[in-house]
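Ready to find your way around a new fold? Work through the exercises below with the model open beside you, and try each one before you read its solution.

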Amino acid sequence: MNANSQFSNKQSIKGLIEAFVHNHGEDALSRSVTPDQWQALASYMQPFTLAQSQILITQGSQDRTLYFVETGSLTVHFEDAGDRIRLAIVGAGSVLGEGGFFSHMPRNATVQAATECRMWSITPLRFAELSHRLPGAALALTMALGAIVCKRMQDRRRRVAVT
């Protein structure tokens, strides 16, 4: 990533920070990640747009990328041999992919954009770089993600939605 894209990421992450501030639902990241830490995280994250109906995560895939939702909404669904069961709708200020990110296991569910979405991603490799260079920001993010996993695991119908 070049210096210009890092600068633009730091400028554009303000929308993601606002999404986290305004999300008071059960998928909200805790306030343990400060705006300054998010600014630092921006250098390690990649923004992108997801078109309506586009698949973000495919059930069974081995990808470990972690995703943050700035705008829009996505559906999380489980597919068995006979049916597709919607498990959750995830909106702005939420995170997706935490299950595979932490567990190294295949994805539990498919995630598809219900509307056009502005997203951010961080790969395990970029997270490892972050943890070496900015351990405080990496720890704050890890603790916030752990809180999300715990909240989702306490709700039986959303438990399998830990993607």
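**Exercise 1. Find the loop that holds glycine 97, and decide whether this residue is buried or exposed.**

Solution. Start with the elements on either side: glycine 97 sits in the loop that runs between strand S6 (95–96) and helix H4 (98–103). Keep in mind as you look that this is a predicted model. Next, check the accessibility. Glycine 97 has a relative accessibility of 0%, so it counts as buried. Finally, look for a partner from elsewhere in the chain: isoleucine 57 is 40 residues away in sequence, yet the two C-alpha atoms are separated by 7.8 Å.

**Exercise 2. Describe the protein chain as a whole: how many helices and strands does it have, and what share of its residues is buried?**

Solution. Count the elements and you get seven helices and eight strands. Then turn to burial: of the 163 residues in the chain, 44% are buried. As a last step, take the contacts with a separation of 6 or more; 77% of them are between residues 24 or more positions apart.

**Exercise 3. Test whether the length of helix H6 agrees with the expected span, then work out where its buried residues lie.**

Solution. First, the length. H6 has 20 residues, and at 1.5 Å a residue it should span 28 Å. Its end C-alpha atoms are 29 Å apart, which agrees.

Second, list the buried residues: Ala137, Ala138, Ala140, Leu141, Ala144, Leu145, Ile148 and Arg152. Look down the axis of H6 and these buried residues fall within an arc of 165 degrees, so they line one face of the helix. Here's the general idea that helps: an α-helix has 3.6 residues a turn, so residues three or four places apart point the same way.

Third, turn to the face directed away from the buried side. There you'll find the exposed residues Pro135, Leu139, Met143 and Gln154.

**Exercise 4. Zoom in on alanine 137 and say which residues it contacts beyond its neighbours within four places in sequence.**

Solution. Alanine 137 belongs to helix H6 (residues 135–154). Its relative accessibility is 7%, so it counts as buried. With the neighbours within four places set aside, the contacts of alanine 137 are Gln37 and Leu130. You can also pick out serine 32: it is 105 residues from alanine 137 along the chain, with 9.5 Å between the C-alpha atoms.

**Exercise 5. Find the members of the largest nonpolar core that touch the most other members, and see which elements supply this core.**

Solution. The largest nonpolar core has 26 residues, and Leu29, Trp38, Met45 and Phe68 touch the most other members. Now trace the suppliers: helix H2 (14–22), helix H3 (35–41), strand S3 (66–71), strand S8 (117–122), helix H5 (124–133) and H6 each give at least two residues. H6 gives the most, with seven residues. Don't stop there, though: a second, separate core has 16 residues, including Leu56, Tyr67, Val69 and Val76.

**Exercise 6. Sort two of the aromatic pairs by their geometry.**

Solution. The structure holds six aromatic pairs. Take phenylalanine 20 and tryptophan 38: their ring centres are 4.6 Å apart and their planes are at 25 degrees, so the pair is stacked. The cut-off for that label is under 30 degrees. This pair links distant parts of the chain, with phenylalanine 20 in helix H2 and tryptophan 38 in helix H3, 18 residues apart. Both residues are buried.

Now try phenylalanine 101 and phenylalanine 102. Their ring centres are 5.5 Å apart and their planes are at 75 degrees, so this pair is edge-to-face. Phenylalanine 101 is buried, with a relative accessible area of 5%, whereas phenylalanine 102 is partly exposed at 36%.

Two more details round this off. Ring pairs join Phe20, Trp38 and Phe68 into a cluster, and arginine 64 lies over the face of phenylalanine 101, 5.9 Å from the ring centre.

**Exercise 7. Locate serine 53 and histidine 104, and give the phi of each.**

Solution. Begin with the background: most residues other than glycine have a negative phi. Serine 53 has a positive phi, near 80 degrees. Serine 53 is in the loop between strand S1 (46–50) and strand S2 (55–57), and at 45% relative accessibility it counts as partly exposed. Histidine 104 also isn't a glycine, and its phi is positive at about 65 degrees. Look for histidine 104 in the loop between H4 and strand S7 (110–113).

Key
Residues are numbered from 1 along each chain as its sequence is written. This is a predicted model: local features need pLDDT of at least 70, side-chain atom pairs count only at pLDDT 80 or more; totals for chains, interfaces and linings use all residues. Side-chain values use heavy atoms; hydrogens and water are left out. Helices (H or I, at least four residues) and strands (E, at least two) are DSSP runs, numbered from the N terminus. Buried means under 20% relative accessible area, exposed over 50%, partly exposed in between (1.4 Å probe, protein chains only). Contact means heavy atoms within 4.5 Å. The expected span of a helix is 1.5 Å times one less than its number of residues. The arc is that of the directions from the helix axis to the C-beta atoms. A nonpolar core is a set of buried Ala, Val, Leu, Ile, Met, Phe, Trp, Tyr and Cys residues joined through side-chain atoms within 4.5 Å. Rings of Phe, Tyr and Trp (its six-membered ring) pair if their centres lie within 6.5 Å; planes under 30 degrees apart count as stacked, over 60 as edge-to-face and the rest as tilted. A charge sits over a ring if NZ of Lys or CZ of Arg is within 6 Å of the ring centre and within 35 degrees of the ring normal.
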